[in-house]
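Here are my comments on the model you sent over. Have the viewer open while you read, since I go residue by residue in places.

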Amino acid sequence: EDFWLMGEVIHGDYSRWVNEEMLHSVTNYELHKSLYSGFNDHNFFEIAHNVRRLEAIGRQLYTFVDNHDEDRIASKLRRKEHLFPIYLCLMTLPGIPSVYYGGEWAMEGQRTRTSDEALRPAVSISRADELHCELTDLIARLGRIHEENEELHNGRYQELMLTNRQYAFARHGRSSLIITAVNNDDDPAEFDVPVPIRASEAVSLLDEEDTILPVSNGKVHIQLNGNSGGVVK
């Protein structure tokens with residue numbers, strides 16, 4: 001019962017392979033492409049369009065921002081400041097998120113015409129303390145949030161707010177809701193996000209202090225620094 005079978009699929013109709021007769025999951029290259037180009041082009045519409053289209057297939061696709069065949073996301077992004085919000089999207093959008101080794105250290109690497117070695121370097125675990133950075137702690141925090149909240153495992157996706165540079169979406173639980181908001185602009189942003197369930201308050205999951213935010217007239221007011229994001233429940 002705990003056997004899980006996935007396949008690597010580059011393109012095509014994922015539902016052809018992900019179904020009760022074939023595979024439990026396949027690699028979601030479509031979301032991978034829309035994530036990095038959406039951030040590079042300041043175009044959250046590309047990401048949101050892709051998520052809406054893939055939602056029909058289900059929430060069990062294997063999601064990633066880099067892997068053994070792709071240039072490292074730290075090399076693909078034009079702005080290193082986008083590393084945190086892109087991982088925030090990865091960990092809270094529908095799918096089964098994965099972190100390719102070294103990603104937690106913002107490791108860079110690009111393939112050449114003759115070699116993929118830069119994407120797959122040997123890394124001694126003894127270097128972990130040396131390589132540790134702020135992103136390491138943020139990804140660990142996001143991993144715990146994902147593990148501890150069932151809304152992010154198979155919860156229904158709902159788009160709540162969308163512009164080129166700001167994006168907010170919900171993942172629905174049985175009687176609760178998680179909202180992710182991201183900002184790809186250098187400047188801070190603040191906005192009111194609709195809360196599509198009855199609620200009087202929200203708690204910020206990224207804050208160690210579990211900051212409480214009021215829900216007023218069916219909306220929660222969210223403030224984000226430039227190139228950042230937040231998660232509230």
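The points below cover the aromatic residues, the nonpolar cores, the empty spaces and a few loop residues.

1. Before anything else: this is a predicted model. Please read each number below as a value computed from predicted coordinates.

2. Start with the aromatics. There are 6 aromatic pairs in the structure. In one of them, Phe39 and Phe44 sit with ring centres 5.2 Å apart and planes at 90 degrees, so this is an edge-to-face pair. Phe39 is buried at 0% relative accessible area, and Phe44 is also buried, with a value of 0%.

3. Phe44 has a second partner worth a look, Tyr167. Their ring centres are 5.6 Å apart and the planes make an angle of 40 degrees, so this pair counts as tilted. That angle is neither under 30 degrees, which would make the pair stacked, nor over 60, which would make it edge-to-face. Phe44 belongs to helix α2 (residues 44-55) and Tyr167 to strand β6 (residues 166-172), so the pair ties together parts that are 123 residues apart in sequence. Both residues are buried.

4. Which residues form the aromatic cluster with Phe44 and Tyr167? Phe39, Tyr157 and Phe169 join those two in one cluster. Elsewhere, Arg72 lies over the face of Tyr101, 5.1 Å from the centre of the ring. The cut-off for a charge over a ring is 6 Å, with an angle limit of 35 degrees from the ring normal, so Arg72 qualifies.

5. Now the packing. The largest nonpolar core contains 35 residues, and Leu35, Ile47, Ile86, Tyr87, Leu93 and Tyr167 have the most contacts inside it. Elements that supply two or more residues to this core include the helices α1 (29-40), α2, α3 (73-76), α4 (83-92) and α6 (134-148). The strands β5 (156-162), β6 and β7 (177-183) also give two or more residues. The largest share comes from α4, with 8 residues. Apart from this core there is another one, of 18 residues, including Ala168, Ala170, Leu177 and Val220.

6. Tyr167 deserves its own point, since it turns up both in the aromatic cluster and among the residues with the most contacts inside the largest core. What does Tyr167 touch, leaving out residues up to four places away in sequence? Its contacts include Phe44, Ile47, Ala48 and Val51, along with Leu93 and Tyr157. Glu159, Met161, Leu162, Thr180, Ala181 and Val182 are on the list too.

7. On to the closed space. How many cavities of 30 Å³ or more are there? The count is 1, and about 100 Å³ of space lies in it. Its lining has 13 residues, with Asn28, Val51, Leu54, Gly58 and Pro94 nearest the centre. Helix α2 gives the most to this lining, 4 residues. Val51, named in the lining, is also a contact of Tyr167.

8. The largest pocket holds about 500 Å³ of space. It is lined by 22 residues, and Leu206, Leu224, Ser228, Gly229 and Gly230 are the closest to its centre. At least two lining residues come from each of α4, α6, β11 and β12 (228-232), with β12 giving the most, 5 residues.

9. Leu77 sits in the loop between α3 and α4. Buried or exposed? Buried, because its relative accessible area of 3% is under the 20% limit. Its C-alpha atom is 6.1 Å from that of Asn40, although the two residues are 37 apart along the chain. Beyond its neighbours within four places in sequence, Leu77 contacts Tyr36, Phe39, Asn40, His82, Leu83 and Ile86.

10. Last, two backbone angles to check. Most residues other than glycine have a negative phi. His42, in the loop between α1 and α2, has a positive phi near 50 degrees. Asn217, in the loop between β10 (212-216) and β11 (219-224), has a positive phi of about 55 degrees. Their surroundings contrast: His42 is buried at 19% relative accessible area, whereas Asn217 is exposed at 78%. The limit for buried is under 20%, so His42 still falls within that class.

Definitions and conventions:
Residues are numbered from 1 along each chain as its sequence is written. This is a predicted model: local features need pLDDT of at least 70, side-chain atom pairs count only at pLDDT 80 or more; totals for chains, interfaces and linings use all residues. Side-chain values use heavy atoms; hydrogens and water are left out. Rings of Phe, Tyr and Trp (its six-membered ring) pair if their centres lie within 6.5 Å; planes under 30 degrees apart count as stacked, over 60 as edge-to-face and the rest as tilted. Buried means under 20% relative accessible area, exposed over 50%, partly exposed in between (1.4 Å probe, protein chains only). A nonpolar core is a set of buried Ala, Val, Leu, Ile, Met, Phe, Trp, Tyr and Cys residues joined through side-chain atoms within 4.5 Å. Contact means heavy atoms within 4.5 Å. On a 1 Å grid over the protein atoms alone, a cavity is a set of points where a 1.4 Å probe fits but cannot get out, and a pocket is an open set with protein on both sides within 12 Å along at least five of seven lines; lining residues have an atom within 4 Å of a point. Grid points are joined across faces, edges and corners, and a volume is the space filled by probe spheres set on the points.
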